[in-house]
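Me: I'm new to this one and would like to understand the labels people put on it. Could you walk me through a few?

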Amino acid sequence: MKTLKTLAAQLDVGQKTSVELVRDYLAAARADSGLNAFLWQDEEAILAQAKASDERRAAGRAGQLEGLPIAIKDNLLTKGLPTTAGSRMLEGYIAPYDATVIRKLKAAGAIIIGKTNLDEFAMGSSTENSGYGVTKNPWDDSRVPGGSSGGSAVAVAADLAPAALGTDTGGSIRQPAAFCGVVGLKPTYGAVSRYGAIAMGSSLDQIGPFGRSVNDVRLLLEVMAGADPAHDATAVGLNQPAKTVNDLREITIGVPKEYFGEAMEPGVLTQIEQTIERLRQAGATVIDVSLPHTEQALATYYIIMPAEVSSNLARYDGIRFGLKVKQAGSLLDMYKQARTQGFGPEVRRRILLGTYVLSAGYYDAYYKKAQQVRSLVKADFDRAFEQVDVLLTPTSPTTAFTIGAKADPLSMYLADVNTVPINMAGVPALSLPCGLSNGLPVGLQLIGKPYDDFMLLCIAEKIEQIIGFTEQAKRSETI
């Protein structure tokens, strides 16, 4: 399996150059272009990055990620490159600066191998809402890859890039990781600077990595995490692990009953239950816990998130930012046409909902009440972590669904039922492939204590070894 670790070893011993490695991945992306994982790839520019990386390595100046290709979700600003957020509103926009995470990746020697497709402004759970076409799941191209970071998950799952970055507001890294059979991490809110990420829900958004192993995710988090006082006051970094996990017998795992509802597919339930039993046999202590406000979390999320969307997207009016409509009459007509032509239906739906809940007469009834419930959701996690080291749930109650199967917005929103509480609480969570159901990947979600992301990854690595990560890799090794 081609992980960042194995590829780095090849580069270190001279088995491959970065130019050769990048050429292989670019060829794979051309061959699988029908998946629509990438919105931008300029082969000449990407190979120029690889050539510069090889020169740094030859001069003894190799960084932590030197010469390794990383795909980037197209809502992260990358200087001099298109950044569309999957929307026609930003078609043709060239970012004038790098997001903090991009600057850190470049400083570590990583190669930006492309910008990946996403649901428009990261609003969706299937990558069907992109202004640039649907992305398809490499396990079955009639199915969605999940969303909103579907392009990044597909790039890793289909061997078009060894790792990728995404953003997660309510599950947008973990759910596509589960649907595509890769590892995806949503760090603690505040672990990674959000500077340069096109905002959707500012109190919920978090940038995180995709990889083919837990170690890949760790390598990227080590580079990305940290305070950013000049640009993001909410970024404070992470704790270092207080102990080393040598054996699962040292670990207590909590299983919240609220995450095993009627909507769960039997095949998903079987894989999760079998994994829990394997962890018990490996010596882990597994106990039942309760997160009683889980049922209210989804409804609360779909009040708070649209409210923040309404505020964040107000700037895209065709004058300050966004699509310019030349033949508009009045100023009001210009606003209307820019936002009608630039935004797709899901974005418009969330703006309208958010504007409503923030309006006079409804703010206290909806938004204020939702924030109060959010505090209760967080308190549930705080109490649970007094008893356990990590929580274990299904990432999604289903495997990847067929393209077009959830055209009804409410059914699509319910796809996030197991992931949104984590963003509401601000805690870290990781999706790890744990088996197959009807030939499609099933994701296991591990939830950790706030700012203890590296401890979560330590535990996840032990669980990964027991599950047998390589057993889940369906895609042929082409690189």
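Reply: Happy to! By class, 10 nonpolar, four polar and four charged residues make up the lining of the largest pocket. Keep in mind that this is a predicted model.

Me: What volume does the largest pocket have, and which residues are closest to its centre?

Reply: Its volume is about 440 Å³. The lining has 18 residues, and Tyr97, Ala197, Ile198, Ala199 and Arg315 are the closest to the centre. Ala, Ile and Tyr count as nonpolar and Arg as charged, so Tyr97, Ala197, Ile198 and Ala199 fall in the nonpolar class and Arg315 in the charged one.

Me: And what lines the second largest pocket?

Reply: That pocket holds about 350 Å³ of space and is lined by 19 residues, with Ala263, Pro397, Leu414, Val417 and Asn418 nearest its centre. By class, the lining has nine nonpolar, six polar and four charged residues.

Me: Why is aspartate 159 called buried?

Reply: Its relative accessible area is 4%, and buried means under 20%, so aspartate 159 meets the cut-off. Aspartate 159 sits in the loop between helix 5 and strand 4 (163–168), and its phi is near 65 degrees, a positive value in a residue other than glycine.

Me: Why does asparagine 438 count as exposed?

Reply: Its relative accessibility is 80%, and exposed means over 50%, so the label fits asparagine 438. You'll find asparagine 438 in the loop between strand 12 (429–437) and strand 13 (440–447). Phi of asparagine 438 is also positive, near 55 degrees.

Note on methods
Residues numbered from 1 in each chain as written. Predicted model: local features only at pLDDT ≥ 70, side-chain atom pairs only at ≥ 80, totals over all residues. Heavy atoms only, no water. Helix = DSSP H or I, 4+ residues; strand = E, 2+ residues; numbered from the N terminus. Buried < 20%, exposed > 50% of the residue type's maximum accessible area, 1.4 Å probe, protein only. 1 Å grid on protein atoms, 1.4 Å probe; cavity = no way out; pocket = protein on both sides within 12 Å on 5 of 7 lines; lining within 4 Å. Points joined across faces, edges and corners; volume = space filled by probe spheres on them.
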